[in-house]
Amino acid sequence: MGENMTRYSRQTILPQVGEQGQERLAASTVAIVGMGALGSINAELLTRAGVGKLILIDDDVVELSNLQRQALYSEDDVGKKKVLVAKEKLNKINSKTKIIVKENKVDKDNYEFLSDSNVILDCTDNMDSRFVLNDLAKELKKPCVFCMVVQSKGMLYVVDPDKKDRACFKDIFDQLKSIGNSDELGILNITTHFAGTLQAGEALKILLGQQYTAELVNFDVWDLELDRYRIKKKQNC
Ligand SMILES: [Zn+2]
């Protein structure tokens, strides 16, 4: 029984994870692109779940207005780099999880560090970045869990380049330039926590080799609605 198991042996081994699953998580790497609300929630949940390595990517600093929903940060972090603050807090939560930080944006000339990951999480806040990530996921053949939120609504979709019949992100959202400017429209903090939880769940299933959703998930946390849609791959994908 590894050292990581000792930490978790105090709790019941969950049927979804199992003992071998816990070891599998400890040997896994997740790249989190964007360390705002979704990124910080995913990072915290995956660290607590015992994922072995996280790569956090963001070039932004903490602002006071972020604190309404960005889970890992507090008032005395304002002005500091998000990835550095996050690393410090995550290390205190679970010292076994190795935290790698990249203080930059992901673009087409700067992404090699993504190739170390088993799964990529889109925790960005704009469509341009998501289309870049869609291309990179295809090129690197990595599953990527996309997530978008505004006000009380959100969408989640897993792109998996290994699954030949599955639509990619561009197939679904090519016509959509934006889901609305979250600076203007705002985001309820319950939306990002809920969305980040769903996103971390899909990441865990991928890491554990289990079935994850093949459908587009659409939800409204205020109206308590959740729908799933099967999307056809485009012929010119
Ligand atoms: Zn496509």
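Let me start with Val 150, which is found in strand β5, residues 144-150, where strands (E, at least two residues) and helices (H or I, at least four) are DSSP runs numbered from the N terminus. Please keep in mind that this is a predicted model, in which local features need pLDDT of at least 70, side-chain atom pairs count only at pLDDT 80 or more, and totals for chains, interfaces and linings use all residues. Residues are numbered from 1 along each chain as its sequence is written.

Is Val 150 buried or exposed? Val 150 counts as partly exposed because it has 19 C-beta neighbours inside 10 Å, whereas a buried residue has 20 or more other C-beta atoms within 10 Å of its own and an exposed one 12 or fewer, with C-beta atoms placed from the backbone. From Ile 13, Val 150 is 137 residues away in sequence and 35 Å away in space, C-alpha to C-alpha.

Turning to helix α8, residues 189-207, its 19 residues should span 27 Å at 1.5 Å a residue, and the end C-alpha atoms are indeed 27 Å apart; the expected span is 1.5 Å times one less than the number of residues. Among the buried residues of α8 are Thr 191, Ala 195, Gln 199 and Glu 202, and what covers its buried residues includes α2, β1, α3, β4, β5 and β6. Just after α8, Gly 209 takes a positive phi of about 75°.

Finally, the parallel strands: β2 (residues 53-57) and β3 (residues 98-102) run parallel and are joined by 5 bridges, pairing being called when DSSP finds at least two bridges. Leu 54 stands opposite Ile 99 in β3.

Terms used. Contact = placed C-beta atoms within 7 Å.
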